[in-house]
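Welcome, and please get your viewer ready. We will go from stop to stop, with something to select at each one.

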Amino acid sequence: MPEYVNSARATFGRFTAERAGNILTITVRAFFSFPNTDQSRLGMPNLEWAGAERDEFRTAVLERIPAFWNEKWRFRRGLEIVSPFFVIEPVEDGQQHIDFVCNKGTGPSGIRAAEIPPKLNLFEFDNDSVGSRSASSLSADRAILAPSLSILSNAVASNSNVSVTRGDPWTVTASSAAELNNLAQVLVNIQSHDGNRYKDPSPVLYIEATSGARDKADKMTRAVLDHLRRQGVTTYPIFVSAVKTRAKAKWPWTPHKPTGTVTVRHQETGDYIDKRLWQNPYTVAIHEFGHCMGLPDEYMASYGGGLGTALHEDWRRLCGEAHVPANPAADNNFCKSIMSYGCITSACHYVYAWDALRQITGGEAWEIVRGTETDT
Ligand SMILES: [Zn+2]
């Protein structure tokens, strides 16, 4: 199968291209890895992928990314029309164009172009900070979030101070247990909504305690976290914070207090973690696949970005040769393009597939024409 290498010879943007009749197949060979996520900073155990979760995530990558990019634009020469189809092919280490590093838990997806092979970091749940969201996409998500948020707010409010009792281990005090069970039920309902763990955006739950002794604050927060876990709260995003305050003067006759207080609160609206990795029309994994084809980010003030200027210049040169406008770098304004923060493809996103077809067909003049993309 012919190997396509962009003329910038960048590590990103490599794939194989094969034409059969009116189909152009673009294949990116990917080596998948599924590292555990170290959460020691949060005082929590490592997040580890279960086998079924791994398979589910890999299947989503293999199916949904190509489904988004296939046939949105096509290539025409006279009466001939060729449609591009995309394949992510899982391969053994050493055979890949790119590493797909699939991280458990929540974090920011992104690319590391400097490494060889280049790395695409994906997270189970993408960390979608407010700063990278357009106002319209935020308000749409707030509307979706509102019902579960109001239920959550009530349940959290009656648990803002949870009493815990000293012991080995510390436990939730009986008087606090009923309210905490009620909160657990709300969290379970949100995390299992529609049976789809990628669907609901969920405000993070914070479990916090302070103590003069770090160890004690840890044990207190752990009591509440373990209580929720036993009630079935397994995938809901929870951050635990055990803060050591300035140590008080230790008097040998001061008895250990038999109870302590753990505070529970939730993230405010518009500042949550987006769990809907595959439901959101803008899906970061789909955007990142654009980089696999060599496309630059369009939300930056300039095309500098992580892929390097040479590749961006190569892309703009190809846009010129294909006679399609290159989307502008949006000067930090987000727009509806998939390479910014939207879900629309443009002809300029298909110039690498177009260039591969041109090479396969001996330099013939193809035109990029609209396929199934309906939006502009
Ligand atoms: Zn990007």
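The tour below starts with the whole chain and then visits single places in it.

**Stop 1: the whole chain**

Begin with everything shown as a cartoon, and keep in mind that this is a predicted model. The protein chain holds seven helices and 14 strands. Of its 376 residues, 50% are buried. Now turn on the surface: the accessible area of the protein chain is about 17200 Å², and carbon and sulfur atoms supply 52% of that. How much of the contact count comes from residues 24 or more positions apart? Among contacts in the protein chain with a separation of 6 or more, such pairs account for 71%.

**Stop 2: the zinc ion**

Select the zinc ion and show the side chains around it. Which residues are its protein donors? They are His287 and His291, each through NE2, and Asp297 through OD, at 2.0 to 2.1 Å from the zinc ion. Along the sequence, these donor residues follow the spacing H-x3-H-x5-D. Is His291 buried or exposed? His291 counts as buried because its relative accessibility is 2%, and buried means under 20%. Asp297 is buried as well, with a relative accessible area of 10%.

**Stop 3: helix α1 and the residue after it**

Next, select residues 51-69, which form α1. This helix has 19 residues and spans 28 Å from its first C-alpha to its last, close to the 27 Å expected at 1.5 Å a residue. Colour the buried residues of α1: they are Glu53, Phe57, Ala60, Val61, Ile65, Pro66, Phe68 and Trp69.

Move on to Glu71, just after α1, where phi takes a positive value of about 60°. Most residues other than glycine have a negative phi. Where is Glu71 in the chain? Glu71 belongs to the loop between α1 and β4 (73-77). With a relative accessible area of 22%, Glu71 is partly exposed.

**Stop 4: Val82 in strand β5**

Select Val82, a residue of strand β5 (residues 80-90). Val82 is buried, at 0% relative accessibility. Now add Asn22: the two residues are 60 places apart in sequence, yet their C-alpha atoms are 4.3 Å apart in space. What else touches Val82, if we leave out residues up to four places away in sequence? Besides Asn22, the list includes Arg19, Gly21, Ile23 and Leu24, along with Arg74, Phe75, Leu357 and Trp366.

**Stop 5: two cis peptide bonds**

Zoom in on the backbone between Ile116 and Pro117, where the peptide bond is cis and omega is about -5°. Pro117 sits in the loop between β7 (110-112) and β8 (119-126). Then jump to Asp168 and Pro169, which are also joined by a cis peptide bond, with omega near 5°. Pro169 is in the loop between β9 (161-165) and β10 (171-172). For background, most peptide bonds are trans.

**Stop 6: a sheet of five strands**

You have just passed β9 and β10, so stay here and show the sheet that contains them. In what order do the strands of this open sheet lie? The order is β10-β9-β13-β11-β12, and the pairing is mixed. β10 and β12 (238-244) stand at the edges with a single partner strand each, so one side of each has no neighbour in the sheet. Strands of a sheet pair through backbone hydrogen bonds, in a parallel or antiparallel way. To look at one pair, select β9 and β13 (residues 259-266): they are antiparallel, with five bridges. Ser163 has Thr261 of β13 as its bridge partner.

**Stop 7: the loop between α6 and α7**

Finish with the loop between α6 (309-322) and α7 (351-360), and select His323 in it. The phi of His323 is near 60°, a positive value in a residue other than glycine. Is His323 buried or exposed? His323 is exposed, with a relative accessible area of 73%.

Now select Ser346, found in the loop between α6 and α7 too. Ser346 is buried, at a relative accessible area of 17%. Its side chain makes a polar contact of 3.3 Å with the side chain of Asn327. Setting aside neighbours within four places in sequence, Ser346 is in contact with Asn327 and Trp73.

Conventions:
Residues numbered from 1 in each chain as written. Predicted model: local features only at pLDDT ≥ 70, side-chain atom pairs only at ≥ 80, totals over all residues. Heavy atoms only, no water. Helix = DSSP H or I, 4+ residues; strand = E, 2+ residues; numbered from the N terminus. Buried < 20%, exposed > 50% of the residue type's maximum accessible area, 1.4 Å probe, protein only. Pairing = 2+ DSSP bridges. Donors = N, O, S within 2.8 Å, 3.2 Å for Na, K, Ca; no water. Contact = heavy atoms within 4.5 Å. Areas by Shrake-Rupley, 256 points an atom, 1.4 Å probe, with all protein chains shown as cover. Expected span 1.5 Å × (residues − 1). Polar contact = N/O pair within 3.5 Å; in protein donor to acceptor, adjacent residues only side chain to side chain.
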